[in-house]
Amino acid sequence: MLKVSRLLLPRNQLLHKKLPGEGVPGSIWQHAINTFAGFSTVRQNVVADAGKREGRVFAPYSVFKGKAALSAEPRLPTFNRLDSGGVKLNRRGVIMLTFWPSVGERKYDWEKRQLFALSATEVGSLISMGTRDSSEFFHDPSMLSSNAGQVRKSLSIKPNADGSGYFISLSVVNNNLKTNDRFTIPVTTAEFAVMRTAFSFALPHIMGWDRFTNRPLESISRSPSKVVPQLMESEWDR
């Protein structure tokens with residue numbers, strides 16, 4: 001069964017410019033191990049009394065293979081403060097997938113990375129996949145305008161014929177730059193199980209629903225800022 005999702009993701013004003021690999025030694029990205037794993041909810045919170053931000057945590061779940069590497073981590077939603085003292089969801093979060101190519105044995109080129117942001121519904125499609133199911137997602141930032149088709153991203157997840165795992169492929173066509181990038185990464189059943197479980201855990205967080213249970217209302221109302229910023233990285237920054 002093929003699951004297809006089509007999503008419009010317009011360019012947005014980035015709240016923060018740091019990249020996932022900044023501050024991390026280059027050797028970590030160059031040294032290929034079969035699976036380099038880690039996962040956390042990444043966020044920046046406003047500290048009410050000091051006006052300072054907590055440091056960002058770098059803990060993606062990453063898979064390094066012969067021709068390319070793949071990492072996944074959540075990008076949390078943003079909230080606006082209401083005059084009543086409450087907060088309202090401004091932009092939902094995503095699971096950000098990052099692909100980057102191999103440039104030699106145990107070496108990967110981070111500068112040539114490509115991003116693909118999975119929405120909550122697309123995450124639902126992925127975590128509900130059976131062993132013989134396939135999913136395909138299409139993104140176009142200008143889908144409803146005259147510039148539709150200038151930049152297109154297609155993510156496909158297909159099972160191996162022998163049932164030993166999946167192939168995750170990303171195609172990025174940029175007619176403006178006249179480029180066509182493609183990445184294909186085989187993942188084992190175990191690696192896909194980790195992704196499925198981690199994505200299921202992150203799903204309510206990227207929807208902002210964890211705010212109902214994990215954060216006291218008093219701490220939100222005391223914040224001096226009109227906006228509760230959560231770190232976002234646009235898929236279309238790449």
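1. In this predicted model, helix 3 has a set of buried residues: Glu 191, Phe 192, Met 195, Ala 198, Phe 199, Ala 202, Leu 203, His 205 and Ile 206. Glu 191, one of these, returns below as a partner in a salt bridge.

2. The length of helix 3 can be checked by simple reasoning. The helix covers residues 189-206, which is 18 residues, and at 1.5 Å a residue it should span 26 Å. The C-alpha atoms at its ends lie 25 Å apart, so the expected and computed values agree.

3. Helix 3 also has a bend of about 30° at Ser 200. A proline, Pro 204, follows Ser 200 within four residues. Just after the helix, Gly 208 adopts a positive phi of about 85°.

4. How many salt bridges does the structure hold? There are 2. Side chains of opposite charge can pair when their charged atoms come close.

5. One salt bridge joins the side chains of Glu 191 and Lys 65, with an N to O distance of 3.1 Å. Glu 191 belongs to helix 3, whereas Lys 65 sits in the loop between strand 3 (61-64) and strand 4 (68-75); the pair therefore ties together parts that are 126 residues apart in sequence. Glu 191 has a relative accessible area of 4% and is buried. Lys 65 is buried as well, at 13%.

6. The other salt bridge links Glu 73 with Arg 75, whose closest N and O atoms are 3.2 Å apart. Are these two residues buried or exposed? Glu 73 is buried, with a relative accessible area of 4%, and Arg 75 is buried, with a value of 1%.

Notes
Residues numbered from 1 in each chain as written. Predicted model: local features only at pLDDT ≥ 70, side-chain atom pairs only at ≥ 80, totals over all residues. Heavy atoms only, no water. Helix = DSSP H or I, 4+ residues; strand = E, 2+ residues; numbered from the N terminus. Expected span 1.5 Å × (residues − 1). Bend = angle between axes of the 7 residues up to and from the residue. Buried < 20%, exposed > 50% of the residue type's maximum accessible area, 1.4 Å probe, protein only. Salt bridge = Lys/Arg side-chain N within 4 Å of Asp/Glu carboxyl O.
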